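Q: Could you take me through one part of this protein slowly, as if I were seeing a structure for the first time? I would like to look at its nonpolar core.

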Amino acid sequence: MFTCAPVLSSILADSAHVVPPGTTVGVSGCRPEPYYPTMTTPQQGTLTFDIAVLPGDGIGVDVTREAVRVLEALPFDGVKFAFHEFSVGAGEYQRSGNPLPADALDACARADAVLLGAMGLPTVRWPDGKEMTPQLDLREKFELYCGLRPIRLYHGHDTPLKRYGRSGGFPAAECAESGSDLKAGRLESRPSETIDFVIVRESTEGLFSARLSRSDPAKGEACDVMRITRSGAERVCRAAFQQAMKRRKHCTLVDKANVLPSMVFFRSVFDSVAKEFPEVKTDRVYVDAAALYLVQRPHTFDVLVTENMFGDILSDLAAGLVGGMGMAPSADIGDGCAVFQPSHGSAPDIAGKGIANPIATILSAALMLEWLDHPETVKAAQRIHRAVEGVLANPADRTPDLGGTLTTTQMADKIIKAL
Ligand code: ATP
């Protein structure tokens, strides 16, 4: 059950989570050490994690409710969660004129983690015609530079690719071509029929940095700038390599270095960060080719790192490989704050129908548990993954986006039962 937003000072009274500026951290993992020991409530010997919950708009409200139910159903020993809900997004703009009120922003800054549904509605716009995107404001304000988009196929039933997730596999020889190891599929260290990779999307600059600029129609042209800074590129590449070190030690840079000077620069930064991680095998792929390879042979990818806009596009494509937006979790991680949300938006076409797939948000909550990095929360995250896998093992248990008939709540009930 949600705790309705109380006064901020009381919300955060027992949380001592303060991250010193400039702290260097890993990813998921991308957080300071030591961390949770400062949060012990001495009287109870219990750690309380304060979670700011921002359901937002459209299906964000439904799926966030279910993710919180899952978190509340998990057994924890010596750990508890305090959920503090805030109204944000297009609906809040209609109510108060501000889609991201200061109290919500303040709570996000001080909470241990933020769980977000989805924000924005196509029918609610700023006077200049743009949609509300407070989630982008959050990324930029808190420098949530590392957009982590794990893509995993839980069951062959849910992919449009005929040779994945089913018995028989996808022999590496079939995708052999001349050229790089990636092209030949030789980098695969897991069974070839699996899809299991992470897109690391730079989330504070790149082509999105132009989003607040104004164009003058009278000039007869409009222009967006792809902004890549050395520090921005370095930190996201480093985060990607840290991910690779925890996974199959393979990192692919996705760029457009054959055309854009900004991408030549991005590649040079990637190359120099790569030297810090000699164990990690690297590839460099142009974004157009990456789109092709992701469809043809997704099993050859482990970690992909790219700029903001390319990451935005490729993560929707990648979600499509494993069942669609309802199956794609994400985390936006900075050095002092982290926001966990599904990759999807508010999906106005299905809002209010109770049929949204809650799995992306439930898996985002699992990412949050991993990031909190307490033995109990890490164990709980694994429990969620196993429960989702267990439920999806039966092809009849699906929401309508995956061809089934379960409602949002029925799907969450099944996952809770399987925990
Ligand atoms: P945004 O730009 O805000 O990310 P979007 O325009 O990409 O949003 P989404 O809201 O992500 O659009 O929806 C894209 C499509 O995916 C829609 O058809 C929507 O109904 C579907 N969809 C998104 N999320 C879910 C979900 N959780 N369950 C079922 N279908 C979903």
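A: Here is a walk from the whole chain to the core, with a stop at one helix and at the ligand. Keep in mind that this is a predicted model.

Let's start with the overall picture. The protein is built with 13 helices and 11 strands. It has 419 residues, and 50% of them count as buried. Among its contacts with a separation of 6 or more, 76% join residues that are 24 or more positions apart.

Now for the core itself. The largest nonpolar core holds 116 residues, and Ala113, Val114, Val200, Phe340 and Ile362 have the most contacts inside it. Helix H11, residues 359-372, is the top contributor to this core, giving 11 residues. Zoom in on Ala113: leaving aside residues up to four places away in sequence, Ala113 touches Phe49, Ile51, Ala338, Phe340, Met368, Trp371 and Leu372.

For a look at a covered helix, try H2, which runs over residues 59-73. From first C-alpha to last, H2 reaches 21 Å, close to the 21 Å expected at 1.5 Å a residue. Most of H2 is covered, with 11 of its 15 residues buried. Those buried residues include Ile59, Val63, Val70 and Leu71, but also Asp62, Arg65 and Glu66.

Finally, visit the ligand. There are 15 residues around the ligand, and Gly326, His344, Gly345, Asn357 and Asp401 come nearest. Sorted by class, this shell has seven nonpolar, six polar and two charged residues.

Conventions. Residues numbered from 1 in each chain as written. Predicted model: local features only at pLDDT ≥ 70, side-chain atom pairs only at ≥ 80, totals over all residues. Helix = DSSP H or I, 4+ residues; strand = E, 2+ residues; numbered from the N terminus. Buried ≥ 20, exposed ≤ 12 C-beta atoms within 10 Å, placed from the backbone. Contact = placed C-beta atoms within 7 Å. Expected span 1.5 Å × (residues − 1). Near = placed C-beta within 6 Å. Nonpolar A, V, L, I, M, F, W, Y, C, P; charged D, E, K, R; others polar. Core = buried A, V, L, I, M, F, W, Y, C linked by C-beta atoms within 7 Å.
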